[in-house]
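Visitor: Could you walk me through this model and tell me what stands behind each label?
Guide: Gladly; let's look at it together.

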Amino acid sequence: MIQLLFTVIFSETAMIALLLFKTPLRKLVIMGLDRLKRGRGPLMVKTVAGTVLVVFFSSVYSMVNIQKRGIEEGAIVNPTDQVLMAKHLLEATLMGAILFLALMIDRLHHYIRELRIRRKGMEAVKKQTRGTEDGKVANSEEIKAVEEERARLRAELSRLESELQSKTKDVDAAEANVAALRKQSEGFLLEYDRLLEENQNLRNQLQSLDRKLSHSGSKKNM
């Protein structure tokens, strides 16, 4: 049994060393402890720990009885009791060390998991902060681009307004010219009508003169 206890102690010591130093085997140990704490694992661990604790108290009780028997027998020391006392003391010490190391393994595993969770949380916060900063930079760039586009559109609007004013002036001038030409054409039409009427009057007068001349010529021939 003592050899088994020493083997368990050495195994627990090696496990603690693996948990303390960051090595590739550390992940395997943590994964094994994670699986051990799932399902029926905790119940099995508690059962084994309870058994070791019962044996520990049994060894302590045996040592107390041996000590009482030695006190009752006086100064005479029984070699068998000495051997049993040493054996029970060694077993109790080893079992106490096993329980203590098991508690250390449990606490180390718990703290490593908590540290891992906190690191992941910090990484998530850092990523979120970086994303926010990148978003701010992107937003500032977008705002800058929007401002530049806005300034360009304002300049384009000013240019279009100036062109519109110049075109409006040209249109007004063209309309004034059209109005003047319309008035001039109306005057030309009136003058044309007047000349046409005078021409018609002159034709009528010529025709009447022709008729008079032809009438007077016919009278002379008679």
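Visitor: What makes Ile 9 a residue that touches others, and which ones?
Guide: Contact means heavy atoms within 4.5 Å. Leaving aside residues up to four places away in sequence, Ile 9 touches Leu 94, Ala 97, Ile 98 and Leu 101. This is a predicted model, where local features need pLDDT of at least 70 and side-chain atom pairs count only at pLDDT 80 or more, while totals for chains, interfaces and linings use all residues. Residues are numbered from 1 along each chain as its sequence is written, and side-chain values use heavy atoms, without hydrogens and water.

Visitor: How do you know which side of H1 is the buried one?
Guide: Buried means under 20% relative accessible area, exposed over 50%, partly exposed in between (1.4 Å probe, protein chains only). In H1 the buried residues are Leu 5, Ile 9, Glu 12, Ile 16 and Leu 19. They span an arc of only 90 degrees around the axis (taken from the directions from the helix axis to the C-beta atoms), so they sit on the same side of H1. Exposed residues Gln 3, Leu 4 and Phe 10 are on the face turned away from it.

Visitor: What makes a set of residues a nonpolar core, and how many residues has the largest?
Guide: Such a core joins buried Ala, Val, Leu, Ile, Met, Phe, Trp, Tyr and Cys residues through side-chain atoms within 4.5 Å. The largest has 15 residues, and among those with the most contacts inside it are Leu 5, Ile 9 and Ile 105. H4 gives the most to this core, with 7 residues.

Notes. Helix = DSSP H or I, 4+ residues; strand = E, 2+ residues; numbered from the N terminus.
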